[in-house]
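Here are a few exercises to work through with the model open beside you. Try each task on your own before reading its solution.

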Amino acid sequence: MPSTPPSATTALVTGASSGLGEMFARRLAARGYNLILVARRGERLLELAKELPVQVQTICADLVTEDGLGKVESAIRDCPSLDLLVNNAGFGTLGYFWEADIAGQRDMHALHVMATVRLTHAALGPMVRRNRGGVINVSSVAAFSINPGNVSYCSTKAWMNNFTEGLDIELRHAKSAVRVQALCPGFTYTEFHDTLGVDRKGIPDWLWLKADDVVESSLRGLGSGKVIVVPGLVYKLVAALVRPLPYGIRKHLKRPFKDKRA
Ligand SMILES: NC(=O)c1ccc[n+]([C@@H]2O[C@H](COP(=O)([O-])OP(=O)(O)OC[C@H]3O[C@@H](n4cnc5c(N)ncnc54)[C@H](OP(=O)(O)O)[C@@H]3O)[C@@H](O)[C@H]2O)c1
């Protein structure tokens, strides 16, 4: 995946109306990609499109609905130059699984898992036939452990990592040049915690990442074919220590700060 694409290549970013998705849009536009931007808040996408110096198509779509997914799948089919798909749209919930509203749990699985499956399937076939392109699945360091009050989030992000590693194995087996990545950020300044209703003050400053640093790490990692990308030194260390631990040890690990989710 070249860092500066040839002309007429396009990237599709879901959840581009704020946070990491918006930053992906800005950074990819600066690298010369034309863009297809997806989110429910269409007016935000139109505002962003006005600022970007490339061709931008905006799609107002709710990716937990059949209608929304269908719209984005059609856009992928209609774009033979699609070179990069960023499955970024996502959200968190609060509370023990059995106490949390089932609609939120269902929508989280629909968005993190099913939307990723459907859009990746639509994009990968043509990419493999052209033998170029890439898919970035925006996961989380939460994929490496489970915290009380965060079970569906950690589980869907762990699925994203497994799915991405599986695709990488298949692509390498098929001798394809197409690359996939699971991006695993830690706490990042975006609208995520506002939507979730969590006060950032409970989390120490040194744990926060900036969205542009996270996106730069991701795009650098894609260029070098890295499959699991963990931005930031602290989180690299945490991931390296926690990933190999057996469940018997991981289940006793506690967060080093107050984060009252459950
Ligand atoms: N911020 C963090 O600390 C952090 C850490 C690790 C991983 N992540 C992951 O990073 C990704 C991006 O989140 P963010 O931090 O940038 O948060 P954000 O600023 O809240 O952005 C979330 C984006 O997802 C979109 N979205 C949510 N539900 C959607 C739906 N049903 N259909 C279509 N789009 C939907 C939102 O757009 P609309 O509301 O306009 O639809 C928004 O553009 C998520 O997958 C999240 O899990 C975030």
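**Exercise 1: The packing of helix 5**

The buried residues of helix 5 pack against helix 4, strand 5, strand 6 and strand 7. Keep in mind that this is a predicted model.

Task: Find which residues of helix 5 are buried, and describe how the helix lies on the strands.

Solution:
- Start with the extent of the helix: residues 151-173.
- Next, check its length. Helix 5 has 23 residues and spans 33 Å from first to last C-alpha, close to the 33 Å expected at 1.5 Å a residue.
- Now count neighbours, taking a residue as buried if 20 or more other C-beta atoms lie within 10 Å of its own. The buried set is Tyr 153, Thr 156, Lys 157, Met 160, Asn 161, Thr 164, Leu 167, Asp 168 and Leu 171.
- Then look at direction: helix 5 lies across strand 5, strand 6 and strand 7, at about 165° to strand 6.
- Finally, step past the end of the helix, where Lys 175 has a positive phi, near 55°.

**Exercise 2: The order of the sheet**

Task: Work out the strand order of the sheet and say which strands stand at its edges.

Solution:
- Trace the pairings across the open sheet of 7 strands: they are parallel, and the order is 3-2-1-4-5-6-7.
- Read off the two ends. Strand 3 (56-60) and strand 7 (228-229) each have a single partner strand, so one side of each lacks a neighbour in the sheet.
- Inspect one end in detail: strand 6 (residues 179-183) joins strand 7 in the parallel sense over 2 bridges, with Leu 183 bridged to Val 229.
- Add helix 1 (residues 19-30), which packs on the sheet and touches strand 1, strand 2, strand 4 and strand 5. Its direction makes about 170° with that of strand 1.

**Exercise 3: The core and the whole chain**

Task: Identify the residues that touch the most other members of the largest nonpolar core, then compare the radius of gyration of the chain with that of a compact globule.

Solution:
- Within this core of 59 residues, Val 13, Leu 35 and Leu 37 touch the most other members. Helix 4 (residues 102-130) supplies the largest share, 7 residues.
- Follow Val 13 beyond its neighbours within four places in sequence: its contacts include Phe 24, Ala 25, Leu 35, Leu 37 and Val 86.
- Zoom out: 38% of the 262 residues in the chain are buried.
- Close with the globule rule. A compact globule of 262 residues would have a radius of gyration near 18 Å, and the chain agrees, with 18 Å.

Definitions and conventions
Residues numbered from 1 in each chain as written. Predicted model: local features only at pLDDT ≥ 70, side-chain atom pairs only at ≥ 80, totals over all residues. Pairing = 2+ DSSP bridges. Helix = DSSP H or I, 4+ residues; strand = E, 2+ residues; numbered from the N terminus. Contact = placed C-beta atoms within 7 Å. Axes fitted to C-alpha atoms, helices over the stretch in contact; angles between N-to-C directions. Rg over C-alpha atoms; globule rule 2.2 N^0.38 Å. Buried ≥ 20, exposed ≤ 12 C-beta atoms within 10 Å, placed from the backbone. Core = buried A, V, L, I, M, F, W, Y, C linked by C-beta atoms within 7 Å. Expected span 1.5 Å × (residues − 1).
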